[in-house]
Amino acid sequence: MDFKEICKARYSVRAYKPDTIPAEKMDYIKECTRLAPSAVNKQPWKFILFTGEDDRARMQQCYDKEWFREAPAYILVCENHGAAWTRRYDEKNHADIDVAIAIEHLCLAAAEQGLGTCWVCNFRVQLCQELFKLPEEWYPAAIIPIGYPATPDIPEKTRKATAEIWEDR
């Protein structure tokens, strides 16, 4: 699969098979995520994989949607603002950008491996911190459910035309 095909294959999966993800596929995804770039190579992120029933049940308290319950695994992505690079001209902290880059590496690697993912950002952050006893410096940025899509059909994507989003000067 070339890169454009991987981009086409990646979509927000909201229906999963209960199948366990093979360790070698998760190892591949972890390595691809590890290779993601970050500002000044600070890598202000932590990824926590949850596959056990107790942890999955706790994660489901943080985001209570029926489709979310189907995923066989969840990845909690945390960012550390204190460890991230900050732009000196306007004090913009880049933890959010760095984490977003790494998450998309994760999602594209998963798509290449035949797995589906979905960015979940609208979850109960404080409850997540409490349930998983996260250190104060690790802020939960996103939850990524991961697993085999329940259907092999890739939904049609609606995207703006290139001319609407690119300007050549």
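Contact here means heavy atoms within 4.5 Å. The structure on screen is a predicted model.

**Stop 1: Arg56**

Select Arg56, which sits in helix α3. Its relative accessible area is 7%, so Arg56 is buried. Show what surrounds this side chain: leaving out residues up to four places away in sequence, Arg56 touches Phe50 and Thr51, and also Arg69, Glu70, Ala71, Pro72, Ala73 and Tyr74.

**Stop 2: the largest nonpolar core**

Keep α3 in view and add α4 (66–69), β2 (73–79) and α6 (125–131). The core to look at now has 24 residues and is the largest nonpolar one. Select Met59, Phe68, Leu76 and Ile143, the residues with the most contacts inside this core. At least two core residues come from each of α3 (53–62), α4 (66–69), β2 (73–79) and α6 (125–131). Which of these elements gives the most to the core? It is α6, with four residues.

Now centre on Ile143. With residues up to four places away in sequence set aside, Ile143 touches Met59, Cys62 and Phe68, then Tyr74, Ile75 and Leu76, and finally Cys118, Trp119, Val120 and Phe123.

A second core, separate from this one, has 21 residues. Colour Ile29, Ile103, Ala109 and Leu115 to find it; they are among its members.

**Stop 3: helices α2 and α5**

Ile29 leads into the next selection. Show α2 (residues 23–34) and α5 (residues 95–112), which pack at an angle of about 145°. Their axes are 8 Å apart, and the crossing is right-handed.

To see the contact itself, select Tyr28, Ile29, Cys32 and Thr33 on the α2 side. Opposite them in α5 are Ala102, His105, Leu106, Ala109, Ala110 and Glu112. By residue type, this contact between α2 and α5 consists of seven nonpolar, two polar and one charged.

**Stop 4: the cysteines**

How many disulfides does the model have? The count is zero, with a disulfide taken as a pair of cysteine sulfur atoms within 2.5 Å. Start with Cys32, whose nearest cysteine sulfur belongs to Cys107 and is 12 Å away. Cys32 is in no disulfide. Is Cys32 buried or exposed? Its relative accessible area is 18%, so Cys32 is buried, the limit being under 20%.

Move to Cys118, one of the residues that Ile143 touches. Why does Cys118 form no bond with Cys107? The Cys107 sulfur is the closest cysteine sulfur to that of Cys118, but at 8.3 Å it is too far for a bond. Cys118 has 1% relative accessibility and therefore counts as buried.

**Stop 5: the loop between α2 and β1**

Select Lys42, placed in the loop between α2 and β1. Lys42 is partly exposed, at a relative accessible area of 43%. Apart from neighbours within four places in sequence, Lys42 is in contact with Ala83, Ala84 and Trp85. Draw a distance from Lys42 to Ala95: they are 53 residues apart along the chain, and their C-alpha atoms are separated by 9.0 Å.

Gln43 is in the loop between α2 and β1 (45–50) as well. Check its backbone: phi is near 50°, a positive value in a residue other than glycine. Gln43 is partly exposed, with a relative accessible area of 33%.

**Stop 6: Glu91**

For another positive phi, go to Glu91, where the value is near 65°. Glu91 lies in the loop between β2 and α5. At 57% relative accessibility, this residue counts as exposed.

**Stop 7: Asn122**

Next select Asn122, found in the loop between β3 (116–117) and α6. Asn122 counts as exposed, with 67% relative accessibility. Add Gly82 and draw the C-alpha distance, which is 23 Å for two residues 40 places apart along the chain.

**Stop 8: Lys157**

Finish at Lys157, in the loop between β4 (139–147) and α7 (162–165). Lys157 is partly exposed, its relative accessible area being 28%. Which residues does Lys157 contact, leaving aside neighbours within four places in sequence? They are Cys7, Lys8, Arg10 and Tyr11. Include Ser12 in the view: Lys157 and Ser12 are 145 residues apart along the chain, with their C-alpha atoms separated by 10 Å.

Methods
Residues are numbered from 1 along each chain as its sequence is written. This is a predicted model: local features need pLDDT of at least 70, side-chain atom pairs count only at pLDDT 80 or more; totals for chains, interfaces and linings use all residues. Side-chain values use heavy atoms; hydrogens and water are left out. Axes are lines fitted to C-alpha atoms, for helices over the stretch in contact, and angles run from 0 to 180 degrees between N-to-C directions. A crossing is left-handed if the near helix is turned anticlockwise from the far one by less than a right angle, and right-handed if clockwise. Ala, Val, Leu, Ile, Met, Phe, Trp, Tyr, Cys and Pro count as nonpolar, Asp, Glu, Lys and Arg as charged, and the others, Gly among them, as polar. Buried means under 20% relative accessible area, exposed over 50%, partly exposed in between (1.4 Å probe, protein chains only). A nonpolar core is a set of buried Ala, Val, Leu, Ile, Met, Phe, Trp, Tyr and Cys residues joined through side-chain atoms within 4.5 Å.
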